[in-house]
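Work through the exercises below with the sequence and the 3D structure at hand. Each task is followed by a solution in steps.

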Amino acid sequence: MPQPNQKPTILSVDDCIFIQKLIIEVLGEKYNILVANNSTEALSIIYQQPISILLLDVCMPGVDGLDLCRTLRSLP
């Protein structure tokens, strides 16, 4: 949970740079936005800091958003 004066953190996982920039532009004022280009990068970020909201692209090469979601749900 974010501290009282701290913005919640959104992690956006998408292989499309345009979508990443759009999410930053639209949500950046109210949220701290982190981006990852693939599921491996996302897992690394998730293990390093708390994430309030996770936005996943369903269609990515390699491990897609649904597989990443299943992986995360299986973690303690």
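A salt bridge is a side-chain nitrogen of Lys or Arg within 4 Å of a carboxyl oxygen of Asp or Glu. This is a predicted model, in which local features need pLDDT of at least 70 and side-chain atom pairs count only at pLDDT 80 or more, while totals for chains, interfaces and linings use all residues. Residues are numbered from 1 along each chain as its sequence is written, and side-chain values use heavy atoms, with hydrogens and water left out.

**Exercise 1. The salt bridge**

Find how many salt bridges the structure holds, and describe the residues that take part.

Step 1. The count is one salt bridge.

Step 2. Its partners are the side chains of arginine 70 and aspartate 67, at 2.8 Å from N to O.

Step 3. Both residues belong to helix 3 (residues 65-74), where they are three residues apart, about one turn of the helix. Helices (H or I, at least four residues) and strands (E, at least two) are DSSP runs, numbered from the N terminus.

Step 4. To grade the cover, use these limits: buried means under 20% relative accessible area, exposed over 50%, and partly exposed in between (1.4 Å probe, protein chains only). Arginine 70 counts as exposed because its relative accessibility is 54%. Aspartate 67, at 33%, is partly exposed.

**Exercise 2. The sheet**

Work out the order in which the three strands form the sheet, and say which strands stand at the edges.

Step 1. Two strands pair if DSSP finds at least two bridges between them.

Step 2. The three strands make an open sheet with parallel pairing, in the order 2-1-3. Strand 2 (32-36) and strand 3 (53-56) each have a single partner strand, so one side of each is left without a neighbour in the sheet. From one strand to the next, the twist averages 20°.

Step 3. Look at the pairing of strand 1 (residues 9-13) with strand 2, which is parallel and runs over five bridges. Leucine 11 has leucine 34 as its bridge partner in strand 2, and serine 12 stands opposite valine 35.

Step 4. Add helix 1, which packs on the sheet and touches strand 1, strand 2 and strand 3. Its direction makes about 175° with that of strand 2. Here axes are lines fitted to C-alpha atoms, for helices over the stretch in contact, and angles run from 0 to 180 degrees between N-to-C directions. Contact means heavy atoms within 4.5 Å.

**Exercise 3. Cover on strand 1**

Are the residues on the faces of strand 1 buried or exposed?

Step 1. Five of the five residues of strand 1 are buried.

Step 2. Sort them by face: Thr9, Leu11 and Val13 lie on one side, Ile10 and Ser12 on the other, and both faces are covered.

Step 3. Take threonine 9 as a case: it is buried because its relative accessible area is 10%. Not counting residues up to four places away in sequence, threonine 9 touches Asn32, Leu34, Pro50, Ile51, Ser52 and Ile53.

**Exercise 4. Tyrosine 31**

Locate tyrosine 31 and list its contacts.

Step 1. Tyrosine 31 sits in the loop between helix 1 and strand 2. With 26% relative accessibility, tyrosine 31 is partly exposed.

Step 2. Leaving aside neighbours within four places in sequence, its contacts are Lys7, Pro8, Ile10 and Ile53.

Step 3. Compare sequence and space. Tyrosine 31 and isoleucine 53 are 22 residues apart in sequence and 9.6 Å apart from C-alpha to C-alpha. Threonine 9 and tyrosine 31 are 22 residues apart along the chain, with 5.7 Å between their C-alpha atoms.

Step 4. Turn to lysine 7, one of the contacts of tyrosine 31. Lysine 7 lies in the segment before strand 1 and is partly exposed, at 40% relative accessible area.
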